[in-house]
Protein chains: 2
Amino acid sequence: MRHNWKSVRDEVAARILRSDYAPGDRLPRDEELAAELGCARSTVVRAMQDLADSGIVERRRKGGTRVPANPVTRATFDIPVTRSEIEARGQSYGYHLLEQTPAPSPLHVTTAFGLSAPQDMLHLRALHLADQKPYIFEDRWIALNTVPEIRDVDLTTLSANEWLVKNRPYSRCTVRFYATNAGSDYGPIFATDPTTPLFVVERTTWVNDAPITSVKAIAHPGYQMLTEVG
Amino acid sequence: MRHNWKSVRDEVAARILRSDYAPGDRLPRDEELAAELGCARSTVVRAMQDLADSGIVERRRKGGTRVPANPVTRATFDIPVTRSEIEARGQSYGYHLLEQTPAPSPLHVTTAFGLSAPQDMLHLRALHLADQKPYIFEDRWIALNTVPEIRDVDLTTLSANEWLVKNRPYSRCTVRFYATNAGSDYGPIFATDPTTPLFVVERTTWVNDAPITSVKAIAHPGYQMLTEVG
DNA sequence: TAGTGGTCTAGACCACCGG
DNA sequence: CGGTGGTCTAGACCACTAT
């Protein structure tokens, strides 16, 4: 008897691993599984919803529950505030504000926000240090119309990263990962050759369609984003 | 009256956006919220679990529900089979197997799997094409002890990627993203300068601690991994 | 140890969508 | 239109953990 949803989930997952249910197959109805495993339908539902969240099965009304014909690897990454990330590694955190300039948004930022025209923004360039060494360099634009208070915040001590996270929750966000060269922009910051490949995380956030901030976080050479699935 | 869990979730999310509940704050107990919003406790539970899954709140027995003091951006990426990815872009898919050699696992693969000694594996190098152009190059190692059937599969037509996904489900997987240079290994394949930065996705999979495959997928220049949150 | 979330149940009705 | 998953309810009991 399977009386809790995790054991039901694990049983179904095991059947998929054993190919009892193969990609493309339809699984028994929740009610049948409940009867077979000796639990309530809602327990099966809970288990199946968890599997569906992981992308291991697909559920459709009337269509039933299936193992996807083309399974995907669903990977989840938590992107913390940079200070937390560094401290979680047991390293000391340091922060340098390199530039703080009001300016109209440049084209790439305007389009990232989906705006039809440039807006007044605050442009920041800052460096996050781990054990005194450059860890992440951030190039950030903050929409002054949406976040006017930022003008009065002392960003030399507290990073915009932290202030925003605690004071300006977002309702929507896009995240991009890609590779770039250090070039003449970042090479000097990380003291590396301009040809060094660097990992970039770009995030753009909104509150109800009003732009908040768009940030390019360029990580130090060798940085990896790692996660485990399953 | 909020009578379904999504409206409860949205109401709580809205309160967090308005900073009615700020980072570090404790939210009312589920029972109180249920009473306030006029629904059953289980409806509130469903809503809160969804928010907890998104990292928007943290829940602990006896500790209650809180807005995390250090909120994170939780991003989810679906990594499909390469063919599906290309076809989903509306491009034609092509595949070339460049190399297929049995060999003992090299050090970096042995350690990726957490093995104490090298194992017999099948080494593959293959190129995925989108509209005839190089899209992703994969360098893959498959554990022959765990997947002996792979010896009898014709991998010149069907990519190992697809065969494995449909025939060898995994129970555990690690995913890494990082940047690398094209160098002399990948430069010729993508017809680019050796200094070109490339985005790499590295995945290693197991079934119940038995190694299945470890693959480095090197994407074409300019490749981005993109996702939306919220 | 007491307070809070976590889960299970049985039953009902709803909503989507495949045939 | 009928079959399947989706959700809600009320109540009970369990399990963790903050205090």
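Which phosphate oxygen lies 2.8 Å from a backbone N or O atom of B:A40? The oxygen belongs to DNA strand D, and the legends below, which describe a predicted model, begin with the protein surface around that strand.

**View 1. Polar contacts between the protein and the phosphates of DNA strand D.** Three contacts to phosphate oxygens of DNA strand D are described here. At B:A40, the protein partner is a backbone N or O atom, at 2.8 Å. At A:R59, an N or O atom of the side chain is 2.7 Å from a phosphate oxygen of the strand. The side chain of B:R60 likewise places an N or O atom 3.3 Å from a phosphate oxygen of DNA strand D.

**View 2. The protein surface near DNA strand D.** The strand is surrounded by 25 residues, of which A:R41, A:R59, B:N4, B:W5 and B:T43 come nearest. By class, 13 residues of this surface are charged, eight are polar and four are nonpolar. Sugar or phosphate accounts for 70% of the strand D atoms within 4 Å of the protein, and bases account for the rest. At least two residues each are supplied by helix 3 (41-53), strand 1 (58-60) and strand 2 (64-66) of chain A, and by helix 3 (41-53) of chain B. Helix 3 of chain B gives the most, with four residues.

**View 3. The protein surface near DNA strand C.** Around DNA strand C there are 24 residues, and A:N4, A:W5, A:T43, B:R41 and B:R59 are the closest. The surface comprises 13 charged, seven polar and four nonpolar residues. Of the strand C atoms within 4 Å of the protein, 70% are from sugar or phosphate, with the remainder from bases. A polar backbone atom of A:W5 is 2.6 Å from a phosphate oxygen of the strand. The side chain of A:R46 has an N or O atom 3.5 Å from a phosphate oxygen of DNA strand C, while an N or O atom in the side chain of B:R61 is 3.0 Å from a sugar or linking oxygen. Two or more residues of this surface come from each of helix 3 of chain A and helix 3, strand 1 (58-60) and strand 2 (64-66) of chain B. Helix 3 of chain A provides the largest share, four residues.

**View 4. The relation between chains A and B.** A turn of 180° with a shift of 0.0 Å along the axis lays chain B on chain A with an RMSD of 0.0 Å. The two copies are therefore related as by a two-fold rotation axis. Within chain B, B:T76 has the C-alpha nearest the axis, at 2.2 Å. The same surface serves both copies, since 100% of the contact residues of chain B recur in chain A.

**View 5. The nonpolar cores.** The largest nonpolar core has 36 residues, and those with the most contacts inside it are A:V175, A:F177, A:F199, B:V175, B:F177 and B:F199. Beyond four places in sequence, B:F177 touches residues of both chains, including A:F77, A:F177, A:F199, A:Y223, B:F77, B:I79, B:V201 and B:M225. Another core of 16 residues lies apart from it, and includes A:L97, A:I142, A:L164 and A:V207.

**View 6. The buried residues of helix 6 in chain B.** Helix 6 spans residues 160-167, and B:A160, B:N161, B:E162, B:W163 and B:L164 are buried in it. Among the elements of chain B that cover these buried residues are helix 4 (82-88), strand 4 (93-104), strand 5 (120-130), strand 6 (133-143) and strand 9 (210-219).

Note on methods
Residues are numbered from 1 along each chain as its sequence is written. Chains are lettered from A and ligands numbered from 1 in the order in which they are written. This is a predicted model: local features need pLDDT of at least 70, side-chain atom pairs count only at pLDDT 80 or more; totals for chains, interfaces and linings use all residues. Side-chain values use heavy atoms; hydrogens and water are left out. Copies are superposed by least squares on the C-alpha atoms of residues with pLDDT of at least 70 in both. Contact means heavy atoms within 4.5 Å. A nonpolar core is a set of buried Ala, Val, Leu, Ile, Met, Phe, Trp, Tyr and Cys residues joined through side-chain atoms within 4.5 Å. Buried means under 20% relative accessible area, exposed over 50%, partly exposed in between (1.4 Å probe, protein chains only). A residue is near a molecule or strand if one of its heavy atoms lies within 4 Å of it. A polar contact is a pair of N or O atoms within 3.5 Å; within protein, one must be able to donate a hydrogen and the other to accept it, and residues adjacent in sequence count only if both atoms are side-chain atoms. Ala, Val, Leu, Ile, Met, Phe, Trp, Tyr, Cys and Pro count as nonpolar, Asp, Glu, Lys and Arg as charged, and the others, Gly among them, as polar.
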